[in-house]
Amino acid sequence: MAAASWLCSIILTLLLSLCAEATMGRKLISIPTKEQGENGHLLTPMNKVKDDDDDDNDDPSLYMYFSIDDLQTTKKLPIYFYKNSLRNLPPLLSKEKADSIPFSRKKLSFLLHYFSISKNSPQGKAMKETLGHCDAKTIEGEVKFCATSLESMLDLVKETLGHDTKLRVLTTRFQALSEKNVSYTLKNYTFEEAPKELVGVRMLGCHRMPYPYVVYYCHGHRGGSRVFEVSLVEADGVRQRVVGPAVCHMDTSTWDKDHVAFKVLKMEPGSAPVCHFFPIDNIVWVTM
């Protein structure tokens with residue numbers, strides 16, 4: 001009974017974080033072009049930085065990274081917490097339905113036809129990129145998988161972190177006087193209090209990927225990541241509060257040298273930890 005109650009609690013938390021309808025048609029739900037970069041910036045091995053001629057200031061989603069030294073300071077941090085419109089959220093499938101649809105880059109042509117998507121459209125390119133991330137080999141010290149349903153995510157998380165392990169779900173949440181007062185634009189924030197480190201935990205970060213239905217790319221490292229719970233407030237007044245997880249990857253020596261974090265933080269692979277906050281619809285699993 002306790003196990004069933006725990007499972008229901010986890011599923012309810014995930015459903016609330018997704019805010020998506022569990023229905024499915026063969027028509028692709030709109031995938032905003034911006035969403036591709038939003039999730040990709042938090043992926044380790046594949047994403048590339050822009051050319052030097054590009055204007056990084058045009059991409060607010062870059063403002064998710066910070067230095068580990070920033071955890072000990074009161075300086076202002078520019079942060080952008082992206083939030084999808086509910087109208088753009090894809091449907092959430094049952095495991096039975098998701099398992100009946102191929103999920104592989106080798107099946108891309110079939111999938112594009114299945115969802116009536118043009119290969120060269122933004123949606124088609126997003127599907128190709130997502131399948132590429134999910135099919136890519138892991139880098140040294142990394143564990144990863146892609147989940148196409150809540151049930152499969154729970155199964156794979158338990159398989160990765162331990163079947164007998166108690167788990168906790170962390171998500172980024174906004175707190176304001178009213179929903180009308182919530183603003184998701186790029187703002188300067190400060191830590192309201194010292195970040196709380198979750199010592200001795202293992203974690204998996206799950207990033208929602210652009211796809212016709214809900215897909216999460218989950219990954220973690222066998223060692224060297226530190227997890228924090230943070231409380232942020234606007235630097236020019238406590239009009240809203242953001243609470244949630246932040247992760248510092250302590251060893252980045254095996255990361256792609258073109259990872260966007262190195263350009264944002266002006267550093268080289270392995271020279272210093274890379275820390276980041278999480279977009280609103282991302283999920284962090286930690287052991288209790």
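# Disulfides, cores and a helix

Q: Cysteine 206 and cysteine 218 form a disulfide; how far apart are their sulfur atoms?
A: Keep in mind that we are looking at a predicted model. A pair of cysteine sulfur atoms counts as a disulfide within 2.5 Å. Cysteine 206 and cysteine 218 meet that cut-off, with their sulfur atoms apart by 2.1 Å.

Q: Is the disulfide of cysteine 206 and cysteine 218 left-handed or right-handed?
A: The pair links distant parts of the chain, with cysteine 206 in strand 8 and cysteine 218 in strand 9. For the handedness, look at the torsion about the S-S bond, which is about 115°. The disulfide of cysteine 206 and cysteine 218 is therefore right-handed.

Q: Is cysteine 206 buried or exposed?
A: Buried means under 20% relative accessible area. Cysteine 206 has a relative accessible area of 0%, and its partner cysteine 218 also has 0%. Cysteine 206 is therefore buried.

Q: Which cysteine does a disulfide join to cysteine 134?
A: The structure holds three disulfides. In one of them, the S to S distance is 1.9 Å, and the residue joined to cysteine 134 is cysteine 146.

Q: How many residues apart in sequence are the parts that cysteine 134 and cysteine 146 tie together?
A: The link is left-handed, with -85° about the S-S bond. Cysteine 134 belongs to helix 5 (residues 122-135) and cysteine 146 to strand 3 (residues 142-147), so the parts tied together are apart in sequence by 12 residues.

Q: In which strand does cysteine 275 lie?
A: A disulfide joins cysteine 275 to cysteine 248, with S to S at 2.0 Å. Their link is right-handed, with 110° about the S-S bond. The pair ties together parts 27 residues apart in sequence, because cysteine 248 lies in strand 11 and cysteine 275 in strand 12.

Q: What pattern do the disulfides of the chain follow?
A: We can take the bonded cysteines in order along the chain. Cysteine 134 pairs with cysteine 146, cysteine 206 with cysteine 218, and cysteine 248 with cysteine 275. The pattern is 1-2, 3-4, 5-6.

Q: Why does the span of helix 6 agree with its 12 residues?
A: The expected span is 1.5 Å times one less than the number of residues. For the 12 residues of helix 6 this gives 16 Å, and it agrees because the end C-alpha atoms are apart by 16 Å.

Q: Is serine 152 buried or exposed?
A: Serine 152 sits in helix 6 (residues 150-161). Not counting residues up to four places away in sequence, it touches Lys95 and Ala147. Its relative accessibility is 9%, and the cut-off is 20%. Serine 152 therefore counts as buried.

Q: The backbone nitrogen of which residue does the side chain of serine 152 reach?
A: Serine 152 is one of the buried residues of helix 6, along with others including Leu150, Met153 and Leu161. Its side chain reaches a backbone nitrogen at 3.4 Å, and that nitrogen belongs to threonine 148.

Q: Which residues touch the most other members of the largest nonpolar core?
A: This core has 20 residues. Strand 2, strand 6, strand 10, strand 11 and strand 12 each supply at least two of them. The members that touch the most others are Ile79, Phe81, Leu232 and Phe277.

Q: Which residues form one aromatic cluster?
A: Phenylalanine 81 is a good place to start, as it is in contact with Phe174, Tyr184, Tyr189 and Phe277, among others. A search of the whole structure finds 12 aromatic pairs. The cluster is made up of Phe66, Phe81, Phe174, Tyr184, Tyr189, Phe191 and Phe277.

Q: What are the rings of tyrosine 114 and phenylalanine 115 as a pair?
A: Tyrosine 114 is buried at 16%, and phenylalanine 115 is buried at 1%. Their ring centres are 4.9 Å apart and their planes stand at 85°, so the pair is edge-to-face.

Q: Is serine 116 buried or exposed?
A: Serine 116 is in the loop between helix 4 and helix 5. Although not a glycine, serine 116 has a positive phi of about 55°. Its relative accessibility is 63%, so serine 116 counts as exposed.

Q: What is the relative accessible area of lysine 266?
A: Lysine 266 also has a positive phi of about 55° without being a glycine. Its place is the loop between helix 7 and strand 12. Lysine 266 is exposed, because its relative accessible area is 75%.

Notes:
Residues are numbered from 1 along each chain as its sequence is written. This is a predicted model: local features need pLDDT of at least 70, side-chain atom pairs count only at pLDDT 80 or more; totals for chains, interfaces and linings use all residues. Side-chain values use heavy atoms; hydrogens and water are left out. Helices (H or I, at least four residues) and strands (E, at least two) are DSSP runs, numbered from the N terminus. Buried means under 20% relative accessible area, exposed over 50%, partly exposed in between (1.4 Å probe, protein chains only). A polar contact is a pair of N or O atoms within 3.5 Å; within protein, one must be able to donate a hydrogen and the other to accept it, and residues adjacent in sequence count only if both atoms are side-chain atoms. Contact means heavy atoms within 4.5 Å. A nonpolar core is a set of buried Ala, Val, Leu, Ile, Met, Phe, Trp, Tyr and Cys residues joined through side-chain atoms within 4.5 Å. Rings of Phe, Tyr and Trp (its six-membered ring) pair if their centres lie within 6.5 Å; planes under 30 degrees apart count as stacked, over 60 as edge-to-face and the rest as tilted.
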